[in-house]
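Subject: Handing over a structure, with notes

Dear colleague,

I am passing on the structure we spoke of, together with its sequence, and would be glad if you read the notes below with both open beside you.

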Amino acid sequence: MEAVSKLEFDEGQDSTALRWRLILGQDADPSKQAPPMNGEQMSIDEALEAIYSEKVEGSAGNSMPSVNKWLGDIRKYFPQEIVQVLQEDVMERIGLE
């Protein structure tokens, strides 16, 4: 993903491990020992987890503030082409048309 490839890393961060963690998600880390993340990295992680986590369910019902935050985050961190893919993926995963 372009956003993950352009991330800035703090001194001492294991950039390879952190990139893989962001790409594969929390569920791919059985030890739950994710590399420490800065604020921007945590925001990217949360936006991706909102779509691709195994715990995704439900509808857009009462979650409008979090939907607005999520949309803002993905628009901030990813190019428009990726935003469209992410939006399509989340709609498919929660069954919206």
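What follows is an account of what was found, starting with the overall make-up and then going from one helix to the next.

Please bear in mind throughout that this is a predicted model. The protein contains five helices and zero strands, so that, written from the N terminus on, its elements read α-α-α-α-α. Of its 97 residues, 32% are buried.

Helix α2

Helix α2 covers residues 15-24, and it is a good place to begin. L18, R21 and L22 are the residues to look at on the inside, since they are buried in α2. Taken around the axis, these three span an arc of only 95 degrees, and therefore they sit on the same side of α2. As a general point, an α-helix has 3.6 residues a turn, so residues three or four places apart point the same way. The other side of α2 carries W20 and L24, both of which are exposed. W20 and L24, joined by I23, also make a nonpolar surface patch of about 340 Å². Directly after α2 comes G25, whose phi is positive, at about 90 degrees.

A further residue of helix α2 is A17, which counts as partly exposed because its relative accessible area is 31%, the range for that class lying between 20% and 50%. Its partner in space is P35, which belongs to the loop between α2 and α3; the two residues are 18 apart in sequence, yet their C-alpha atoms are separated by 6.9 Å. P35, for its part, is buried, with a relative accessible area of 18%, a value that falls under the 20% limit for that class.

Helix α3

Helix α3 is made of the 14 residues 39-52, and the distance from its first C-alpha to its last is 20 Å, which is close to the 20 Å expected at 1.5 Å a residue. Its N-terminal end is capped by N38, a side-chain oxygen of which is placed 3.2 Å from the backbone nitrogen of E40. The buried residues of α3 are Q41, S43, I44, D45, A47, L48, E49 and I51, a list in which polar and charged side chains stand beside nonpolar ones, as the names show.

Salt bridges

How many salt bridges does the structure hold? There are three, and each deserves a separate look. As background, side chains of opposite charge can pair when their charged atoms come close.

One of them joins the side chains of R21 and D45, with N and O 2.7 Å apart. This pair connects distant parts of the chain, given that R21 belongs to helix α2 and D45 to helix α3, 24 residues away. Are R21 and D45 buried or exposed? R21 counts as buried because its relative accessibility is 8%, and D45 is buried as well, with a relative accessible area of 6%. R21 thus appears both in this salt bridge and among the buried residues of α2.

Another salt bridge brings together the side chains of E46 and K69, at an N to O distance of 4.0 Å. Because E46 is in helix α3 and K69 in helix α4 (residues 64-77), this pair ties together parts that are 23 residues apart in sequence. E46 counts as partly exposed, at 46% relative accessibility, and K69 is likewise partly exposed, with a relative accessible area of 45%. You may wish to keep in mind that the cut-off for a salt bridge is 4 Å, when you weigh the 4.0 Å found for E46 and K69.

K69 has a second partner in D73, the closest N and O atoms of that salt bridge being 2.6 Å apart. D73 and K69 both belong to helix α4, where they are four residues apart, or about one turn of the helix. D73 is buried, with a relative accessible area of 13%, whereas K69 is partly exposed. E46, K69 and D73 are in this way linked in a network of salt bridges.

With best regards

Note on methods:
Residues numbered from 1 in each chain as written. Predicted model: local features only at pLDDT ≥ 70, side-chain atom pairs only at ≥ 80, totals over all residues. Heavy atoms only, no water. Patch = residues over 30% accessible without salt bridge, like charges linked within 9 Å, V, L, I, M, F, W, Y side chains within 5 Å. Areas by Shrake-Rupley, 256 points an atom, 1.4 Å probe, with all protein chains shown as cover. Helix = DSSP H or I, 4+ residues; strand = E, 2+ residues; numbered from the N terminus. Buried < 20%, exposed > 50% of the residue type's maximum accessible area, 1.4 Å probe, protein only. Arc of directions from axis to C-beta. Expected span 1.5 Å × (residues − 1). Polar contact = N/O pair within 3.5 Å; in protein donor to acceptor, adjacent residues only side chain to side chain.
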